[in-house]
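Trainee: Please take one part of this model and go through it closely. I would like the surroundings described as well, in a single connected account.

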Number of protein chains: 2
Amino acid sequence: MKIAVIVTLKKDVLDPQGTTIKKTLEGMSFNNINNIRQGKYFEIDIDEKNKKKAEEKVNEMCKKLLANLVIEDYKVVKPE
Amino acid sequence: MKIAVIVTLKKDVLDPQGTTIKKTLEGMSFNNINNIRQGKYFEIDIDEKNKKKAEEKVNEMCKKLLANLVIEDYKVVKPE
């Protein structure tokens with residue numbers, strides 16, 4: 001079963017990478033951009049048929065490794 | 001209007017970062033992982049009320065800066 005995770009910086013944490021991308025896009029004459037924030041995306045293919053169990057495992061992975069909960073939030077989603 | 005983009009490596013492109021994460025998780029005794037691939041997530045807040053126009057702009061940003069279409073695919077999605 002494939003499960004995806006999106007990890008984003010918490011709202012109040014500065015995102016210099018996103019700011020740089022915004023400035024670069026403005027330099028390429030994309031206007032009207034209010035804000036850009038960058039996050040991470042993981043696609044996890046796990047050998048577990050029970051959806052609930054698989055999501056539980058992925059949640060644990062996020063808490064222990066994939067996300068730094070001090071500054072990041074994560075969300076388990078369907079893979080795109 | 002907020003629009004999100006997920007950028008992933010194409011299926012046949014090696015993802016050493018994903019492999020490292022997989023090995024690390026296995027070292028933390030998470031078993032049954034078939035595969036992990038890492039991608040990027042962008043949340044773009046654009047000053048454009050027309051959804052179609054906003055998505056067109058974001059598509060153009062992806063083609064010109066956010067994604068390297070030689071090795072990456074991107075998908076415009078609703079922000080999480």
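**A strand at the chain interface**

Mentor: Glu43(B) has a relative accessibility of 17% and therefore counts as buried, the cut-off being under 20%. The model is a predicted one. Glu43(B) belongs to strand E2 of chain B, which covers residues 33-46. Its side chain is in polar contact with the side chain of Tyr41(B), at 3.2 Å. Leaving aside residues up to four places away in sequence, Glu43(B) touches residues of both chains: Asn35(A), Ile36(A) and Arg37(A) on one hand, and Lys2(B), Ile3(B), Ala4(B), Pro79(B) and Glu80(B) on the other.

The strand as a whole is in a similar position. Of the 14 residues of E2(B), 11 are buried, so the strand is largely enclosed by the rest of the structure. Strand E2 of chain A, residues 33-46, pairs with E2(B) in the antiparallel sense, over 13 bridges. In that pairing, Gly39(A) stands opposite Tyr41(B). E2(B) also pairs within its own chain: strand E1 of chain B, residues 2-9, is antiparallel to E2(B) and joined to it by six bridges. Here Tyr41(B) is the bridge partner of Ile6(B). Tyr41(B) thus has Gly39(A) opposite it and Ile6(B) as a bridge partner, and its side chain makes the polar contact with Glu43(B).

Tyr41(B) appears again in the totals for the interface. Contacts between the chains involve 33 residues of chain B and 33 residues of chain A. The two chains bury about 3100 Å² between them, and 67% of this is on carbon and sulfur atoms. Phe30(B), Tyr41(B) and Glu80(B) supply 19% of the area that chain B buries against chain A, more than any other three residues. Of these, Glu80(B) is also among the residues that Glu43(B) touches.

Next, the helices that pack on these strands. In chain B, helix H2 takes in residues 51-66, and its end C-alpha atoms span only 20 Å, where a straight helix of 16 residues would span 22 Å at 1.5 Å a residue. At the start of H2(B), a side-chain oxygen of Asn50(B) comes within 2.9 Å of the backbone nitrogen of Lys52(B). The buried residues of H2(B) are Ala54(B), Val58(B), Met61(B), Cys62(B) and Leu66(B). They cover an arc of only 105° around the axis, which puts them on the same side of H2(B). An α-helix has 3.6 residues a turn, so residues three or four places apart point the same way. Lys52(B), Lys63(B) and Lys64(B) are exposed on the other side of H2(B). The buried residues pack against elements of both chains: helix H1 (16-27) and E2 of chain A, together with E1, E2 and strand E3 (72-77) of chain B.

That brings in H1(A). Its 12 residues should span 16 Å at 1.5 Å a residue, which agrees with the 16 Å between its end C-alpha atoms. Gly18(A), Ile21(A), Lys22(A) and Leu25(A) are buried in H1(A). Seen down the axis, these buried residues fall within an arc of 100°, so they line one face of the helix. Pro16(A), Lys23(A) and Gly27(A) are exposed on the face turned away from that buried side. The cover over the buried residues of H1(A) includes E2 of chain A, as well as E2 and H2 of chain B. E2(B) is therefore among the elements that cover the buried residues of H1(A), and it is also among those packed against by the buried residues of H2(B).

The stretch after H1 holds some backbone exceptions. Most residues other than glycine have a negative phi. Just after H1(A), however, Ser29(A) takes a positive phi of about 60°. Asn32(A), which is not a glycine, also has a positive phi of about 60°. Asn32(A) sits in the loop between H1 and E2 of chain A and is partly exposed, with a relative accessible area of 38%. In chain B, Ser29(B) has a positive phi of about 60°. Ser29(B) lies in the loop between helix H1 (16-27) and E2 of chain B, and at 56% relative accessibility Ser29(B) counts as exposed.

Finally, the strand pairing inside chain A. Strand E1 of chain A, residues 2-9, pairs with E2(A) in the antiparallel sense over six bridges, and Ile44(A) is the bridge partner of Ile3(A). E1(A) is also joined by six bridges to strand E3 of chain A, residues 72-77, again antiparallel. There the bridge partner of Ala4(A) is Val77(A).

Key
Residues are numbered from 1 along each chain as its sequence is written. Chains are lettered from A and ligands numbered from 1 in the order in which they are written. This is a predicted model: local features need pLDDT of at least 70, side-chain atom pairs count only at pLDDT 80 or more; totals for chains, interfaces and linings use all residues. Side-chain values use heavy atoms; hydrogens and water are left out. Helices (H or I, at least four residues) and strands (E, at least two) are DSSP runs, numbered from the N terminus. Buried means under 20% relative accessible area, exposed over 50%, partly exposed in between (1.4 Å probe, protein chains only). A polar contact is a pair of N or O atoms within 3.5 Å; within protein, one must be able to donate a hydrogen and the other to accept it, and residues adjacent in sequence count only if both atoms are side-chain atoms. Contact means heavy atoms within 4.5 Å. Two strands pair if DSSP finds at least two bridges between them. The expected span of a helix is 1.5 Å times one less than its number of residues. The arc is that of the directions from the helix axis to the C-beta atoms. Buried area is the accessible area (1.4 Å probe) that two parts lose on being put together, summed over both.
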